[in-house]
Amino acid sequence: MIKIRKVNTKKELKQFIQFYYDLYRGNENAVPFLYSDEMATLRRDKNPSFECCEAEYFLAYKDEKIVGRVAAIINRRANERWNCHQVRFGWFDFIDDMEVSTALLNAVEEWGRERGMTEIAGPLGFIDTDREGMLVEGFDDLSTMYVNYNYPYYPKHMEQMGGFRKDNDYLECKVKVPEVVPDKFAKITEMVRKRFGLRVHKFTRQELIREGYGHEVFRLLNATYKDLYGFSELSETQVDKLVNDYIKIADLNLVTAIMDGDKMVGFGITFPSFSRALQKTRDGRFLPFGWWHLLKILKWHKTPIVDLLLIGVLPEYRSKGANALIFDDLIRQFQRYGFEWAETGPQMETNEGVLSQWQYLESKVVRRHRCYRKELK
């Protein structure tokens, strides 16, 4: 007998978060998410996304033991942007039991119907910078802290449930850092500089924090990501949090901006991979020694992998080769730090322009994530 209960207390929220660590403990490819980040994202008083979202969290119990979890989310801003009445499901984890997974999504569907929703989709977060998609290929590859990892039985459950169909697929690539910047990039870079006057700019911390360029990065993200699947525009409050979470701790050698005069037209934000360091923490916590493993990556880049976290170029500058300027600069930084591989974030499989930019480098698709959708009757 499966029982579904809403998360109503701080203790239950901690249990909701803890379930993932317990389910994947010892898995060599799963990466524990930072516990503090999970708590800050799911708490209504900490996450600015609740200014445009409402959410409910559910736990599944079998014989009084927690066997699954799911978040139900309505992003009103996204629904208005895409002209739909959609309830999202996220933080969807469960044991290999069809009764459990079905009961959890039934709870999300019912919660959505009560609020006038006519479709369910996911896995999705509150906003586009949260983790999206269910892993359907690449189970044997080390994951990252920015994407969902799940067991192979997850998509099998989705297929058996009925009613759910593929709505969007994301691909993630592993790109070999070349010993020498490819001639194609070098030639395009030189041409772009001469013909269009575009230039690379490396920010100082003061420019990003005190002079507002950190906020400008995410305003640019709003402009470049606005037509991507499920995107909802970031508010100033949400941008404040993203600047605090990412920009304040970034190695600025690994952040590149493209300028047209005084106007920022593109950016690239990369971080050394924290995957192996997080696996050495106690369930994604800084204490007792998790901070040391993370500091070694953040400070001394003790990893062969760098994560391409966020890259964006204004549409009118993509055809001018601004992307090549970003990669020409970042590749040189990666070489200097001794990174061997770069891993991309999720890229829509239909976004041929983004996927084609790896053609001049040794690369391979390592993971595929899927978002599902179902009409609610």
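This tour goes from the whole predicted model to one helix.

**Ground rules.** Residue numbers start from 1 along each chain as its sequence is written. Local features of this predicted model need pLDDT of at least 70, side-chain atom pairs count only at pLDDT 80 or more, and totals for chains, interfaces and linings use all residues, while side-chain values use heavy atoms, without hydrogens and water.

**Select the whole protein.** Colour by secondary structure: 14 helices and 14 strands appear. These are DSSP runs, helices being H or I of at least four residues and strands E of at least two, numbered from the N terminus. The radius of gyration is 21 Å, close to the 21 Å that the globule rule gives for 377 residues, so the protein is as compact as a globular protein of that length. That radius is taken over C-alpha atoms, and the rule is 2.2 Å times the number of residues to the power 0.38. Turn the C-alpha trace along its principal axes: it spans about 70 × 45 × 40 Å.

**Colour by burial.** Of the 377 residues, 59% are buried, meaning under 20% relative accessible area with a 1.4 Å probe, protein chains only.

**Select 290–300.** This is helix α11. Show G290, H293, L294 and I297, which are buried. They cover an arc of only 95° around the axis, which puts them on the same side of α11. The arc is that of the directions from the helix axis to the C-beta atoms.

**Add 263–272 and 275–279.** What covers the buried residues of α11 includes these two elements, β10 and α10 respectively.

**Finish at H301.** This residue follows α11, and its phi is positive, near 55°.

Note on methods: Buried < 20%, exposed > 50% of the residue type's maximum accessible area, 1.4 Å probe, protein only. Contact = heavy atoms within 4.5 Å.
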